[in-house]
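Dear colleague,

Here is the structure I promised to pass on to you, and below it I have set out, step by step, what was found in it. Please keep it open while you read, so that you can look up each residue as it comes.

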Amino acid sequence: MKPTKISELLVLTGVAAVATWILIRVFYGSMPPIPVYAGASLYLAAIAEVVLAFVIRSRIKGSQIGDGYRQLHPIAAARALALAKASVLVGSATTGVWIGALVYLIPQRSVLKAAAEDTPGAWVGLGAAIALVAAALWLEHCCKTPEDTPDEPAH
């Protein structure tokens, strides 16, 4: 599996931001308010992925890969990598959604009371989405297999 390309994530974020800005511009009057905790659930996912990344990293560095007790099963590492890949896409798209919302809300704060009330929730959501992207990229990095040293035969 190839590493995630930052350029692809930026394109996804940009498309989501533009689409969200257009949708909010058209439908803002009929949308429910954005609570502060709207995007906060992504913080929990980011924390879980950071913890998982450190566990996987320590097992790989300690050569604790295999079927035994306190070893990292190769399938578990592959599943963690799949989680990281999915999370980085979700986080990038969600980052774009919150950016699109903020691009609409920030100029409208002085005009619309609802926009001023929705802005803090959008900032919290944006922070959580960025945290998820960072955690997912870290988890993906930690799932890399160690390079073979010249003294060791390749397995």
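The axes of helices α3 and α4 come within 7 Å of each other and cross at roughly 155°, in what is a predicted model. Angles over 145 degrees count as roughly antiparallel, and α3 and α4 are therefore roughly antiparallel to each other. In passing α4, helix α3 makes a left-handed crossing, and the residues of the contact between α3 and α4 divide into 22 nonpolar, nine polar and three charged.

Helix α4, which covers residues 113–142, also packs against helix α2, residues 41–61, and here the angle is about 15° while the axes lie 8 Å apart. Since angles under 35 degrees count as roughly parallel, that makes α2 roughly parallel to α4. The crossing of α2 past α4 is left-handed. If you would like to trace this contact residue by residue, look on the α2 side for L42, Y43, A45, A46, E49, V50, L52, A53, F54, I56, R57 and I60, which meet V124, G127, A128, A129, A131, L132, A135, A136, W138, L139 and C142 on the α4 side. Sorted by class, the residues of this contact of α2 with α4 comprise 20 nonpolar, one polar and two charged.

There is a further pair to look at, namely α2 and α3, which pack at an angle of about 150° with their axes 12 Å apart. Helix α2 passes α3, too, in a left-handed crossing. In this contact L42, E49, L52 and I56 of α2 meet A80, L83, A84, S87 and T94 of α3, and by class the contact of α2 with α3 has six nonpolar, two polar and one charged residues.

From the helix pairs I turn to the nonpolar cores. The largest nonpolar core has 15 residues, and those with the most contacts inside it are Y28, W98 and L105. The elements that give two or more residues to this core are α3, residues 74–108, and α4, and it is α4 that gives the most, with six residues. Which residues does W98 touch, if those up to four places away in sequence are not counted? They are I34, A38, G39, G121, A122, G125, L126 and A129. Apart from the largest core lies another core, of eleven residues, among them I60, A77, L81 and L139.

Some single residues are also worth finding on the model. T119 has its place in helix α4, and, leaving aside its neighbours within four places in sequence, T119 is in contact with L102, L105 and R109. Is T119 buried or exposed? Its relative accessible area is 3%, and because buried means under 20%, T119 counts as buried. I130 lies in helix α4 as well, but I130 is partly exposed, with a relative accessible area of 45%. Although I130 and S92 are 38 residues apart in sequence, their C-alpha atoms are 7.5 Å apart in space.

In helix α2 you will find R59, which counts as buried at 17% relative accessibility. The C-alpha atoms of R59 and V18, which are 41 residues apart along the chain, are separated by 41 Å.

Finally, please look at the loop between α2 and α3, where L72 lies and where Q71 is found. L72 counts as buried, at 9% relative accessibility, whereas Q71 is partly exposed, with a relative accessible area of 34%. How many residues apart in sequence are L72 and I60, and what is the distance between their C-alpha atoms in space? They are twelve residues apart in sequence and 7.7 Å apart in space. For Q71 and T20, which are 51 residues apart along the chain, the C-alpha atoms are separated by 44 Å.

With best wishes

Technical notes. Residues numbered from 1 in each chain as written. Predicted model: local features only at pLDDT ≥ 70, side-chain atom pairs only at ≥ 80, totals over all residues. Heavy atoms only, no water. Axes fitted to C-alpha atoms, helices over the stretch in contact; angles between N-to-C directions. Helix = DSSP H or I, 4+ residues; strand = E, 2+ residues; numbered from the N terminus. Parallel < 35°, antiparallel > 145°, perpendicular 65-115°, else oblique. Left-handed = near helix turned anticlockwise from the far one by under 90°. Contact = heavy atoms within 4.5 Å. Nonpolar A, V, L, I, M, F, W, Y, C, P; charged D, E, K, R; others polar. Core = buried A, V, L, I, M, F, W, Y, C linked by side-chain atoms within 4.5 Å. Buried < 20%, exposed > 50% of the residue type's maximum accessible area, 1.4 Å probe, protein only.
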